[in-house]
Amino acid sequence: MTTGTLALIILGVILAQVAIAMLLILHRRKHEYQELDTPKDTSPAVSTPPSSLLKHAAETFASGSTWEGYREFSVQRREFEDNNQSICSFYLVPLDGKPLPVFNPGQFLTFKLLLEDPLTHKSKTVVRCYSLSDAPRPDYYRISVKRVPAPINQPDVPPGLSSSFFHDHIQEGSRILLKAPSGHFHLMENELLPIVLIGGGIGITPMLSILNTVLERGVNTEVWLYYGIRNGDEHIMKAHLQTLASAHDNFHLHICYSAPNENDAKGIDYQHSARINLPLLRATLKLLRYQFYVCGPKPMMESLVPALGDWGVNSNDIYYESFGPATLKKHRKTAPAISSEHPLNITFSQTGKSILWDPAADSLLEFAEANDIEVESGCRAGSCGSCQTAVKAGEVDYNQDPDADVSPGHCLLCISKPKNDLILEL
Ligand SMILES: Cc1cc2nc3c(=O)[nH]c(=O)nc-3n(C[C@H](O)[C@H](O)[C@H](O)COP(=O)(O)OP(=O)(O)OC[C@H]3O[C@@H](n4cnc5c(N)ncnc54)[C@H](O)[C@@H]3O)c2cc1C
Ligand code: FES
C-alpha cells in the first residue's frame, strides 16, 4: 500500500467519524426538543397563566354579547400604517353604541360590501374577511387592510375589489356591515407556554392582536415576534412595536428585511437581512417548548410550517392561518383523486342540473361556477361561511379544516370535493 493510499484511507475514516458524530448531535437535539413536549414541562419562562387573559379583558370593561348576521358599524378613524401607504387601519364603532363582545385575539371579521364591479359597472356584493389587528376593546374594532394591486403579469385585470374599495371609498363616517368576530386561529389559552409569533407581510395583523393583548394584560409569558417584510417602506406600526420592545423585557422583537433599502439601518430599523426561516429561529430561540403562531404569504407558509415539524415541534403546538384561497392545507390531506372509471354525479337540485364531477376542479365551488350555477362566495378559503350549502345526499371531503362554523347537513363548497355522488341544494 502506498503512503498516498494510506493517507486517503485515514482521511476517509476521519470524515466518516465526523459525519456520524454530527448525525448523533442532530438526533439528540431533535430528541431533546420532542422531550419538551411532555406534560411535566412547565417552562420557567412563564409565570402567569395566559388563560386569565380574556377573563381579565371581560373584567376590565363591560363586554357586550355577540350577534347573528350583519351589524352596522361606522368608521371612526382611518390611518396609514406604512411609508408606502399601502396598508390602512380602520377603527370601527357600532352604530347602536352598545359594548362590543370580547373576541379571541387572532380572530377575524367578515364584511359585506356593496360596490361597483369595475368590469360591468353594476352593483355587486362582495364578502371578505379581515383579521382584527388590535387587542379587544369595549368600544371599537380595528382592522388593517393592504391594498391588493393587479398581478404584475396581468396588469389589465382589475385590482383587488374589496381592498381597493376600503382604501378609495371607506372614509371617516362611512357605514359598513360586519359579522361578529370568528375563526379558529387565535391565541390558545389552555397551555402555559412561551409564544412565538411569525407574521409575513400583511400576515402580521392577527399577531398584532395577540401581541397587544398579551403585553397589555401584563402577562409575564415570554413572547417572540418575527415580522418579515421587504424593507422599511413596508414596515407597519414600526414605532408601536419598538415602544413595546423597550417597555417589556419579556418581548423579543425580530424584524427581518429581505431587501433592505439603503437608508434602512440594521440594528435600529431591523435586526436581520433575511427572510424568516428555520435557521434564524434556531439561532435566536432558546431550547424550550413554544406555541408557534404563523401567518404569511404562500412560500413562507409552505416552507416554514413543515420545517417546524422537521425540527421536532409537535404539530399541536403550531397554529397557522392563510389569508388567500387555500394557500396551505390545514391539517387535512386533499381528498383522494377520484378515479375516472367511477365518475361521480353532482346534482344541483334547485337548478335541476346533473353533471359529472371534473377531477381537475379544485373545489365544488369552482366546479359549480364553471357550470354556470350561481353560488354565493366570499373568502374562498373556508373562513366567511358564504358558500355554505345544504347537502341533500352524499358526502364531501374537505381540503382543509373549515374556519367557519358549518351547520349539520351542510358543507363549504370552496374547500370541499365530492366523496361520492352528491345532491346539493343549489
Ligand atoms: C381569515 C382571513 C383574514 C384576513 N385578514 C386580512 C388582513 O388582516 N388584512 C388584509 O389586508 N387582508 C386580509 N385577508 C385577505 C382579504 O380577505 C382579501 O382576500 C384581500 O383584501 C384581497 O381581496 P380583494 O377583494 O381586494 O381582491 P380580489 O378582488 O379578491 O382580487 C385578488 C387578486 O386577483 C386579481 N384579479 C382580479 N380579477 C382577476 C382575473 N380575472 N384574473 C386574474 N386575477 C384577477 C386582483 O387584481 C387581485 O390581485 C384575510 C383573509 C382571510 C381569509
Ligand atoms: S367562500 Fe368563504 S367559506 Fe367558502
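**Exercise 1. Helix H4: covered or open?**

Task: Find out how many of the 13 residues of H4 are buried.

Solution.
- Step 1. H4 is mostly covered, with 12 of its 13 residues buried. The model behind this count is a predicted one.
- Step 2. The buried residues of H4 include Ile204, Met207, Leu208, Leu211 and Leu215. Polar names appear too, among them Thr205, Ser209, Asn212 and Thr213.
- Step 3. Check the length. Helix H4 covers residues 204–216. At 1.5 Å a residue it should span 18 Å, and its end C-alpha atoms are 18 Å apart, so the two values agree.
- Step 4. Look just past the helix. There Gly218 takes a positive phi of about 70 degrees.

**Exercise 2. The parallel sheet under H4**

Task: Give the strand order of the open sheet with parallel pairing, and say which strands stand at its edges.

Solution.
- Step 1. Five strands make up this open sheet, in the order S9-S8-S7-S10-S11. The pairing is parallel.
- Step 2. The edges are strand S9 (251–257) and strand S11 (318–321). Each has a single partner strand, so one side of each is left without a neighbour in the sheet.
- Step 3. Neighbouring strands of this sheet are turned by 10 degrees against each other on average, direction ignored.
- Step 4. Take one pair. Strand S7 (residues 195–200) and strand S10 (residues 291–295) run parallel and are joined by five bridges. Val196 has Phe292 in S10 as its bridge partner.
- Step 5. Add the helices. Helix H7 (residues 298–311) packs on the sheet and touches S7, S10 and S11. Its direction makes about 165 degrees with that of S10. H4 lies across S7, S8, S9 and S10, and runs at about 150 degrees to S7.

**Exercise 3. The mixed sheet**

Task: Give the strand order of the open sheet with mixed pairing, and name its edge strands.

Solution.
- Step 1. The order is S13-S12-S18-S14-S16, five strands in an open sheet with mixed pairing.
- Step 2. Strand S13 (353–356) and strand S16 (410–412) stand at the edges. Each pairs with a single strand, so one side of each has no neighbour in the sheet.
- Step 3. On average, neighbouring strands here are turned by 35 degrees against each other, direction ignored.
- Step 4. Strand S12 (residues 345–348) and S13 run antiparallel, joined by four bridges. Phe348 stands opposite Lys353 in S13.

**Exercise 4. Two residues with positive phi**

Task: Compare His121 and Met237: is each buried or exposed?

Solution.
- Step 1. Recall the background. Most residues other than glycine have a negative phi.
- Step 2. His121 is not a glycine, yet has a positive phi of about 60 degrees. Phi of Met237 is near 50 degrees, also a positive value.
- Step 3. Place them. His121 lies in the loop between strand S3 (108–116) and strand S4 (123–131). Met237 sits in the loop between strand S8 (223–229) and helix H5 (238–247).
- Step 4. Apply the cut-offs: buried is under 20% relative accessible area, exposed is over 50%. His121 has 56%, so His121 is exposed. Met237 has 7%, so Met237 is buried.

**Exercise 5. Two loops and their contacts**

Task: Say which residues Ser383 and Glu172 touch, leaving aside neighbours up to four places away in sequence.

Solution.
- Step 1. Ser383 is in the loop between helix H8 (364–370) and strand S14 (388–393). At 10% relative accessible area, Ser383 is buried.
- Step 2. Ser383 is in contact with Phe108, Cys129, Asp403 and Ala404.
- Step 3. Glu172 is in the loop between helix H3 (161–169) and strand S6 (175–179). Its relative accessibility is 52%, so Glu172 counts as exposed.
- Step 4. Glu172 touches Val75, Gln76, Arg77 and Arg78. Glu172 and Arg77 are 95 residues apart in sequence, but 5.3 Å apart in space, C-alpha to C-alpha.

**Exercise 6. Cysteines and the whole chain**

Task: How many disulfides are counted, and how many helices and strands does the protein chain have?

Solution.
- Step 1. A disulfide is a covalent bond between the sulfur atoms of two cysteines. The count here is zero disulfides.
- Step 2. Cys384 is buried at 6% relative accessible area. Cys414 is buried at 10%.
- Step 3. The protein chain has eight helices and 18 strands. Of its 426 residues, 48% count as buried.
- Step 4. Among contacts between residues at least 6 apart in sequence, 68% join residues at least 24 apart.

Note on methods. Residues numbered from 1 in each chain as written. Chains lettered and ligands numbered in written order. Predicted model: local features only at pLDDT ≥ 70, side-chain atom pairs only at ≥ 80, totals over all residues. Heavy atoms only, no water. Helix = DSSP H or I, 4+ residues; strand = E, 2+ residues; numbered from the N terminus. Buried < 20%, exposed > 50% of the residue type's maximum accessible area, 1.4 Å probe, protein only. Contact = heavy atoms within 4.5 Å. Expected span 1.5 Å × (residues − 1). Pairing = 2+ DSSP bridges. Axes fitted to C-alpha atoms, helices over the stretch in contact; angles between N-to-C directions. Disulfide = S-S within 2.5 Å.
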